[in-house]
Amino acid sequence: MPDILLEVKDLHVNFFLTEGTVKAVNGVSFKIERGKTLGIVGESGCGKSVMARAILNMVRPPGRIVSGEINYYSQPDSPPINIASLNRNSAQVRRIRWGEIAMIFQEPMTSLSPVHTISNQMIEPIQLHLNLSKQAAKNHAVELLARVGLPNPEQLLTRYRHELSGGMRQRVMIAMALSCNPKLLIADEPTTAVDVTTQAQILNLMRGLQDEFGMAIMFITHALGVIAEIADDVVVMYLGEEVEVADVDTIFHDPSHPYTQALLRSIPRPDMKLKRLETIKGNVPDPMHLPQGCKYHPRCRYYIPTRCANPPFERVSSEHRARCARIHDIKEQLSEPTS
Amino acid sequence: MVKFIIRRLVTAAVTIWAISVVSFVIIQLPPGDFLTSYEANLRQMGENVPEEQLEAMRERYGLGEPIVTQYYKWVKAILLHGDFGRSMESGVPVSVLLWDRLPLTVLVGLSSILFVWVVAIPIGVYSATHQYSLMDHVFTFLGFLGLAIPNFLLALVLMWVAWSEFGQSVGGLYSPEYKAAPWSMAKFLDLLSHLWIPMVIVGTSWTAGLIRTMRANMLDELNQPYVETGRAKGLREWRVVWKYPVRVALNPFISTVGYALPQIVGGVVITAVVLNLPTLGPLLVRALLAQDMFMAGAIVMILSVLTVIGTLISDILLAILDPRIRLE
């Protein structure tokens with residue numbers, strides 16, 4: 001019996017705009033195990049960031065969680081708290097935010113305030129959630145900054161965001177996110193806006209911190225390479241739906257969904273002989289006018305009109321599921337390439 | 001920070017010097033020297049001017065000497081004795097007239113700014129956080145109404161209300177019985193009871209504009225990731241809004257401190273005349289009409305200096321509020 005920390009069940013988040021309703025998250029379900037890393041991968045606009053905000057019940061109007069459950073198990077044997085059912089301004093939700101589930105964002109530049117010192121911003125949640133005195137909170141902040149590998153932490157506390165480099169800002173955000181010992185860290189594309197060297201350092205840092213602090217990580221990215229490095233389990237999202245869920249080895253070595261397969265083929269690989277890199281044909285459809293039936297069908301090479309009308313989220317094996325009506329045909333096709 | 005302030009002080013000093021030159025040129029512009037017209041004025045009224053007195057004034061202002069010497073004497077008198085010369089119209093020293101009105105001008109100006117801020121900032125924040133809500137539309141409507149109604153009309157209406165509903169004496173800043181009375185608590189309270197009319201009138205025309213500015217700035221800032229960080233930290237929503245985006249959106253307000261005073265003096269002259277306010281605006285208008293050049297020059301000079309000081313204050317406030325500005 002796996003030790004579940006967070007269980008998302010059939011989550012729907014809609015944005016009610018004057019032009020129409022956008023179903024940003026459309027029936028997503030997954031589980032995060034205590035201390036493990038779940039990778040969420042998908043193209044821009046597939047709803048992964050909205051989902052991350054939904055977990056903290058932070059979706060702002062015109063967006064709203066329409067239905068579904070977000071069950072949070074603070075302790076292994078404690079009854080779950082359904083975050084989706086709480087008022088988004090309630091004290092209960094605010095206690096969970098940062099105290100239990102912390103979040104770091106894509107833009108380290110703008111996710112820190114331009115007009116407050118690092119000290120001011122770091123001490124704030126520590127005092128709020130840990131009830132420490134100002135001096136104790138400051139000492140705690142210094143320890144954390146040193147732990148994420150930042151030199152001169154005391155001096156750093158007096159700095160402003162524009163005085164730091166991109167990598168330093170993201171380290172500050174990570175230190176801040178860990179300040180209240182969260183059980184889950186949601187990382188929304190934390191390495192997208194930094195260069196590759198810094199990206200590798202940050203991933204290493206996060207892995208090291210996970211061993212030390214024991215928190216689970218929900219890592220959101222569009223980069224499959226990053227997923228391969230850090231995730232234990234993977235959710236592949238497309239247009240607000242999960243199209244494939246499996247452990248990281250299965251996703252990379254035995255993907256079932258045509259979309260996952262196409263994503264993998266479009267990664268440049270140095271060991272393959274030089275040829276034109278494959279792309280997925282077409283574009284992500286307009287979110288106001290989603291395709292009928294299988295959402296991926298306009299771009300799918302295996303599409304058969306009647307077969308793909310209503311693809312089930314099918315179990316490939318016990319922990320591997322894919323939303324495709326033709327999983328088994330495709331498997332056969334791929335396994336007999338010589339015929 | 002100290003370096004920043006020193007640099008700003010030096011620029012301010014240079015600017016004030018340049019302004020003094022321009023003001024002096026204004027004084028010199030009318031043909032002939034003012035003493036001739038002063039003498040002529042007095043003679044016309046049948047008064048005889050003793051030759052010694054004219055000679056003393058000629059010496060005092062350096063008339064007949066090179067223009068640089070005249071400028072030097074003018075500036076020296078201002079700097080050392082606060083002596084701006086004499087008003088040709090009334091014969092009273094300009095400084096006496098100025099000191100009579102300057103404090104009240106500043107008082108009306110500052111209280112109007114205060115009124116504008118107290119009204120515009122919360123409404124702007126509310127309108128932005130409740131964009132397109134019913135109240136947002138109501139505030140927008142009222143704001144544009146305030147912008148569209150001429151100030152002097154509003155002044156007349158409010159005066160009537162104050163008189164008919166509250167039985168207040170209207171016009172001016174004091175009731176008649178306190179006009180010449182020495183300062184006391186009662187006089188101060190009387191002043192406060194009169195101050196609200198100009199405060200509201202001068203304020204309304206600005207409030208609308210600043211509500212729009214605040215709303216637009218807030219809408220820009222509300223979607224910034226740092227606001228989301230604040231929210232994710234588990235802060236209360238009002239605390240998130242007031243600590244982060246409001247703080248950043250305030251910058252344009254601080255920069256208005258600089259030109260608030262001259263705008264209030266210059267922009268609401270008609271209102272000041274209608275309300276019979278003892279401020280600099282009506283005085284300047286009268287000085288210009290009467291070609292009372294020492295008076296006009298002195299007022300232009302004072303207003304410009306106030307602008308420079310206001311700008312200096314807003315620069316320093318901005319640097320305190322926004323660390324990015326200190327860099328340069």
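This is a short tour of a predicted model, stop by stop, with something to select at each one.

**Stop 1: chain A as a whole**

Start by showing chain A as a cartoon. You should be able to pick out 11 helices and 12 strands. With a radius of gyration of 21 Å, close to the 20 Å that the globule rule gives for 339 residues, chain A is as compact as a globular protein of that length. Along the principal axes, its C-alpha trace spans about 70 × 50 × 45 Å. Of the 339 residues in chain A, 53% are buried. Take the contacts in this chain between residues at least 6 apart in sequence: 65% of them join residues at least 24 apart.

**Stop 2: the cores**

Now select Phe30(A), Ile101(A), Met206(A) and Met218(A). These are the residues with the most contacts inside the largest nonpolar core, which has 77 residues. Which helix gives this core its largest share? Helix 6 of chain A (residues 166–177) does, with 6 residues.

Keep Met218(A) on screen and show what surrounds it. Leaving aside neighbours within four places in sequence, Met218(A) is in contact with residues including Phe30(A), Ile32(A), Leu38(A) and Ile40(A). Met51(A), Ala52(A) and Ile55(A) are also among its contacts, and so are Leu184(A), Leu185(A), Ile186(A) and Ala187(A).

Then jump over to chain B and select Leu102(B), Ala287(B), Ala296(B) and Ile302(B). They are among the 38 residues of another core, which lies apart from the one you just left.

**Stop 3: aromatic rings**

Next, turn on the aromatic side chains. A search of the whole structure finds 8 aromatic pairs over all chains. Zoom in on Tyr259(A) and Tyr296(A), an edge-to-face pair at 5.2 Å centre to centre, with 65 degrees between the planes. Tyr259(A) sits in helix 10 (residues 258–265) and Tyr296(A) in the loop between helix 10 and strand 11 (313–317) of chain A, so the pair ties together parts that are 37 residues apart in sequence. Are these two tyrosines buried or exposed? Both Tyr259(A) and Tyr296(A) are buried.

For another geometry, go to chain B and select Tyr71(B) and Trp74(B): this pair is tilted, at 6.5 Å centre to centre and 40 degrees between the planes. Both residues lie in helix 4 of chain B (residues 67–81), 3 residues apart, or about one turn of the helix. An α-helix has 3.6 residues a turn, so residues three or four places apart point the same way. Tyr71(B) and Trp74(B) are both buried.

Back in chain A, add Tyr238(A) to the selection: ring pairs link it with Tyr259(A) and Tyr296(A) into a cluster. Then look at Phe313(A), where Arg323(A) lies over the face of the ring, at 4.6 Å from its centre.

**Stop 4: a helix with a buried face**

Select residues 51–61 of chain B, which make up helix 3, and colour its buried residues: Leu54(B), Met57(B) and Tyr61(B). Look down the helix axis and these buried residues fall within an arc of 65 degrees, so they line one face of helix 3 of chain B. The helix is followed by Gly62(B), which has a positive phi, near 70 degrees.

**Stop 5: backbone oddities in chain A**

Most residues other than glycine have a negative phi, and most peptide bonds are trans. Here are some exceptions to click on.

- Pro61(A) and Pro62(A) are joined by a cis peptide bond, with omega about 10 degrees. Pro62(A) is in the loop between helix 1 (48–55) and strand 4 (63–72).
- Asn131(A) is not a glycine, yet its phi is positive, about 55 degrees. You'll find Asn131(A) in the loop between helix 3 (118–130) and helix 4 (134–147), and at 67% relative accessibility it counts as exposed.
- Leu239(A) also has a positive phi, about 50 degrees, without being a glycine. Leu239(A) is in the loop between strand 9 (233–238) and strand 10 (241–247), and at 6% relative accessibility it counts as buried.

**Last stop: Ile327(A)**

Finish in helix 11 of chain A (residues 327–335), where you'll find Ile327(A). At 1% relative accessibility, Ile327(A) counts as buried. Beyond its neighbours within four places in sequence, Ile327(A) is in contact with Ser256(A), Glu314(A), Val316(A) and Ala322(A). Then draw a distance to Arg161(A): from C-alpha to C-alpha, Ile327(A) and Arg161(A) are 49 Å apart, and they are 166 residues apart in sequence.

Note on methods. Residues are numbered from 1 along each chain as its sequence is written. Chains are lettered from A and ligands numbered from 1 in the order in which they are written. This is a predicted model: local features need pLDDT of at least 70, side-chain atom pairs count only at pLDDT 80 or more; totals for chains, interfaces and linings use all residues. Side-chain values use heavy atoms; hydrogens and water are left out. Buried means under 20% relative accessible area, exposed over 50%, partly exposed in between (1.4 Å probe, protein chains only). Helices (H or I, at least four residues) and strands (E, at least two) are DSSP runs, numbered from the N terminus. The arc is that of the directions from the helix axis to the C-beta atoms. Rings of Phe, Tyr and Trp (its six-membered ring) pair if their centres lie within 6.5 Å; planes under 30 degrees apart count as stacked, over 60 as edge-to-face and the rest as tilted. A charge sits over a ring if NZ of Lys or CZ of Arg is within 6 Å of the ring centre and within 35 degrees of the ring normal. A nonpolar core is a set of buried Ala, Val, Leu, Ile, Met, Phe, Trp, Tyr and Cys residues joined through side-chain atoms within 4.5 Å. Contact means heavy atoms within 4.5 Å. The radius of gyration is taken over C-alpha atoms; the globule rule is 2.2 Å times the number of residues to the power 0.38.
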